[in-house]
Amino acid sequence: MEMNKSTGLAVFVCIVLAGMVWVKQGEKQERGVSRVSFTQLDSTQISGLTIKGKHPVVLKRQEDSWTVESGRRADATAVKAALDALVKIDSTNLVTQKPERFAELKVDEKEGTHVVVSSGDSVVADFVIGSADAGGSYILFENKVYSMKRVFPGTFSRPTASWVDRRVVQAEMDAIARVEIKVRESESYSLVP
């Protein structure tokens with residue numbers, strides 16, 4: 001049974017149109033898509049990080065430096081790592097909305113690391129980071145759990161001592177001309193470059 005040319009052309013056009021519809025459906029659609037994203041946050045405007053969970057800590061910005069709640073100077077590298085990880089969070093990979101799965105993914109109150117980010121008196125981000133696997137971690141945001149690559153709980157959940165800057169002297173090496181050391185009841189000695 002042979003098709004005439006017009007029937008063949010009509011079938012071809014239908015196949016092309018169906019293919020275009022199928023491709024269009026596969027594209028990311030913003031409307032109605034569930035998303036967690038903190039990429040729009042300006043890390044220079046963040047003034048506080050409150051971390052609750054296994055290793056709770058409160059960090060506050062004071063002008064150009066950060067302090068731990070006790071008032072001690074915070075380790076700039078640790079704070080920068082947390083802020084850099086925060087602004088990388090951007091995912092539409094919804095895993096679940098079922099609260100009964102939160103414990104399994106370690107985003108519940110018992111196991112999760114709750115992070116609250118503030119700018120002045122406003123909370124600009126509030127999420128829980130849970131268990132990590134080879135590709136990243138689970139993040140609970142607005143009662144939805146997302147899978148997020150390249151962000152790990154250890155960036156936020158660390159013992160307080162690892163947030164504290166342990167440097168005795170805050171100076172660049174090339175600015176130091178001499179260091180004098182005196183131990184009680186003994187002679188002093190000097191170190192020079």
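F141 stands opposite K144 in β10, and this pair belongs to the antiparallel arrangement in which 6 bridges join strand β9 (residues 136–141) to strand β10 (residues 144–149). The model described here is a predicted one, in which local features need pLDDT of at least 70 and side-chain atom pairs count only at pLDDT 80 or more, whereas totals for chains, interfaces and linings use all residues. Residues are numbered from 1 along each chain as its sequence is written, and side-chain values use heavy atoms, with hydrogens and water left out. Helices (H or I, at least four residues) and strands (E, at least two) are DSSP runs numbered from the N terminus, and two strands are said to pair if DSSP finds at least two bridges between them.

The strands are arranged in an open sheet of 8 strands, with the order β4-β3-β2-β7-β8-β9-β10-β6 and antiparallel pairing. The edge strands are β4 and β6 (94–96), each of which pairs on one side only. From one strand to the next the twist averages 25°, where axes are lines fitted to C-alpha atoms, for helices over the stretch in contact, and angles run from 0 to 180 degrees between N-to-C directions. As a general point, strands of a sheet pair through backbone hydrogen bonds, either parallel or antiparallel.

Within this order, strand β7 (residues 113–119) has partners in both strand β2 (residues 48–52), with which it pairs in the antiparallel sense over 5 bridges, and strand β8 (residues 122–133), with which it pairs in the antiparallel sense over 7 bridges. On the β2 side, L49 stands opposite V117 of β7; on the β8 side, the bridge partner of V116 is D126, and that of T113 is I129. Because 5 of its 7 residues are buried, strand β7 is largely enclosed by the rest of the structure; buried here means under 20% relative accessible area, exposed means over 50%, and partly exposed lies in between (1.4 Å probe, protein chains only). The hairpin of β7 and β8 has 2 residues between the strands, and G120 takes a positive phi near 65° there.

I129 of β8 also has a bridge partner in β9, namely I139, and 4 bridges join β8 to β9, which run antiparallel. These two strands, β8 and β9, likewise form a hairpin with 2 residues between them. Towards the β4 edge, β3 and β4 pair in the antiparallel sense over 4 bridges, among which L59 has V68 in β4 as its bridge partner.

Positive phi values were also found in residues other than glycine. Most residues other than glycine have a negative phi, and most peptide bonds are trans. In the hairpin of β3 and β4, which has 2 residues between the strands, E63 takes a positive phi near 60°. The phi of E142 is near 50°, and E142 lies in the loop between β9 and β10, where it counts as exposed because its relative accessibility is 63%. R150 has a phi near 65° and is placed in the loop between β10 and α3 (160–163); at 58% relative accessibility, R150 therefore counts as exposed.

The largest nonpolar core, a set of buried Ala, Val, Leu, Ile, Met, Phe, Trp, Tyr and Cys residues joined through side-chain atoms within 4.5 Å, has 31 residues, of which F38, L59, L86, F127, F156 and W163 touch the most other members. At least two residues of this core are supplied by each of β2, β3 (57–62), β4, α2, β7, β8, β9 and β10, and the largest share, 6 residues, comes from α2.

About 210 Å³ of space lies in the largest pocket. On a 1 Å grid over the protein atoms alone, a pocket is an open set of points where a 1.4 Å probe fits, with protein on both sides within 12 Å along at least five of seven lines, and lining residues have an atom within 4 Å of a point; grid points are joined across faces, edges and corners, and a volume is the space filled by probe spheres set on the points. Of the 14 lining residues, D64, S65, W66, A76 and V79 are the closest to the centre of the largest pocket. The elements that give two or more residues to this lining are β4 (65–68) and α2 (76–88), and α2 gives the most, with 4 residues. The lining divides into 5 nonpolar, 2 polar and 7 charged residues, where Ala, Val, Leu, Ile, Met, Phe, Trp, Tyr, Cys and Pro count as nonpolar, Asp, Glu, Lys and Arg as charged, and the others, Gly among them, as polar.
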